[in-house]
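Let's walk through this structure together, beginning with how its chains meet and then following one helix into the packing around it.

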Number of protein chains: 2
Amino acid sequence: MKPIQKSLRLAALAAALAGAVAAPAIAQQSPKPENLIKWRQSAFQVVAWNSGRIKASLDGGYNKDQVLKSANVIAAIANSGLGSLFAAGTESGKGWHDTTAKADLFTNTAKFAELGGEFGKESNELVRVVSSGADAAAVKDQFGKLQKTCKSCHDEFRNAN
Amino acid sequence: MKPIQKSLRLAALAAALAGAVAAPAIAQQSPKPENLIKWRQSAFQVVAWNSGRIKASLDGGYNKDQVLKSANVIAAIANSGLGSLFAAGTESGKGWHDTTAKADLFTNTAKFAELGGEFGKESNELVRVVSSGADAAAVKDQFGKLQKTCKSCHDEFRNAN
C-alpha cells in the first residue's frame with residue numbers, strides 16, 4: 001500500500017470512529033404508546049387549565065402577571081414538539097382515557113403540522129402582547145386568535161368525547 | 001349644600017361608580033375539586049414527559065434545542081402558580097386517579113411554598129444554563145439540581161402510588 005493510500009484509509013477510519021463517538025452512547029427505549037397518549041392528554045389539559053385562567057382574568061378584572069404565567073405555559077407547550085406525542089403506534093389506545101385523535105391526523109401530517117405551527121405562532125404572540133403591557137382589550141383580541149387555532153385543530157382532528 | 005360640598009359628593013359618587021366598573025363584571029365559578037386534581041396530575045405528567053426527554057438527550061447525545069424546549073415547559077409550569085391547584089377541598093378525591101398528595105401538604109403550607117419556590121428557581125436556572133450554550137456536563141449538573149427539588153417535595157408531600 002502506498003503511503004497516500006494508507007493515509008486515506010486511516011483518515012476514513014478516524015472519521016468513522018468520530019461518527020461512532022458522536023452517535024448516541026446508549027440506545028434509548030422509545031416510550032410506550034400508552035405513555036405518549038397519556039402525556040398528550042395531560043399537555044392539552046394543562047393548556048385547558050391555563051386557557052380557563054386567562055378567560056377568568058379577562059372576564060373578571062384583568063391581571064397581567066397571572067395571564068402572563070398562563071400564556072407562558074401555553075406557549076412553552078405549543079412549542080415543545082407535541083407532534084412527537086402522536087407517533088406511529090398511537091392511532092388508537094388509552095392514556096388517561098381512549099384517544100380522541102381522528103385517524104386523519106396520522107395520515108394528513110402536513111395539515112397537522114400546519115395547524116400546530118399556528119398554535120405555536122399565536123401563543124407566542126399572546127406572550128408578546130401581554131408582556132408589552134397592552135390593555136385587556138388587546139389581550140382579549142389575541143387570546144381569541146389563539147383559541148381559534150385550538151378550534152381549527154379540534155374540528156379537523158379530534159373526535160367529540 | 002355649598003357648591004364645594006356638592007362637588008365633593010359628586011366626585012365621591014364618580015369614584016364609587018368607577019370602582020364598580022373596575023370590579024369583576026361576572027363572578028367566577030371556582031373550578032371543581034376534581035378538575036383541580038386532574039390539572040395538577042396533568043401538570044406533573046407534563047413535567048415527567050419533559051424530564052424524560054432531557055434525560056434521554058443527556059444520555060444519548062446532547063441536543064441543545066430539544067433540551068431547551070423541555071426546560072421551557074418545566075420552568076413555565078413551575079412558575080405558573082401550581083399552589084392554586086392544591087386549594088382547600090382537594091385534600092382527597094380523584095382527578096385522573098386518587099390524589100397522592102399527603103395531608104401534610106395542606107397544613108404545612110409554608111414548607112410546600114418553600115419547596116415550590118426551589119422547583120421554580122432551579123428550573124429557571126436550567127433554562128438559563130441551556131440557553132447560555134453550556135456543555136452537556138454543565139446542563140447535566142443543573143438538571144440534577146432540578147431533579148433534587150422534585151424528590152424533596154415528593155419525599156415530603158407525596159404518597160407512593
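**Where the chains meet**

Between chain A and chain B, four residue pairs are in polar contact, with both residues of each pair at pLDDT 80 or more. Keep in mind as you look that this is a predicted model. Salt bridges between chain A and chain B number zero.

On the chain A side of the interface, H2 and H3 each supply at least two of the residues that touch chain B. H2(A) gives the largest share of that side, with 10 residues. Sorted by class, the side of chain A that touches chain B holds 14 nonpolar, 10 polar and four charged residues.

How many residues of each chain take part in the contact between chain A and chain B? There are 28 from chain A and 28 from chain B. Together the two chains bury about 2500 Å², and carbon and sulfur atoms give 67% of that area. Look for Gln45(A), Trp49(A) and Trp96(A) here: they supply 27% of the area that chain A buries against chain B, more than any other three residues.

Now turn to chain B and find helix H3, residues 64-78. Its 15 residues reach 20 Å from the first C-alpha to the last, close to the expected 21 Å. At the N-terminal end, Asn63(B) acts as a cap, with a side-chain oxygen 3.1 Å from the backbone nitrogen of Asp65(B). Further along, the buried residues of H3(B) include Val67(B), Leu68(B), Val73(B), Ile74(B) and Ile77(B). What do the buried residues of H3(B) pack against? Their partners are helices H2 and H3 of chain A, together with helices H2, H4 and H5 of chain B.

Notes: Residues numbered from 1 in each chain as written. Chains lettered and ligands numbered in written order. Predicted model: local features only at pLDDT ≥ 70, side-chain atom pairs only at ≥ 80, totals over all residues. Heavy atoms only, no water. Helix = DSSP H or I, 4+ residues; strand = E, 2+ residues; numbered from the N terminus. Expected span 1.5 Å × (residues − 1). Buried < 20%, exposed > 50% of the residue type's maximum accessible area, 1.4 Å probe, protein only. Contact = heavy atoms within 4.5 Å. Polar contact = N/O pair within 3.5 Å; in protein donor to acceptor, adjacent residues only side chain to side chain. Buried area = accessible area lost by both parts, 1.4 Å probe. Salt bridge = Lys/Arg side-chain N within 4 Å of Asp/Glu carboxyl O. Nonpolar A, V, L, I, M, F, W, Y, C, P; charged D, E, K, R; others polar.
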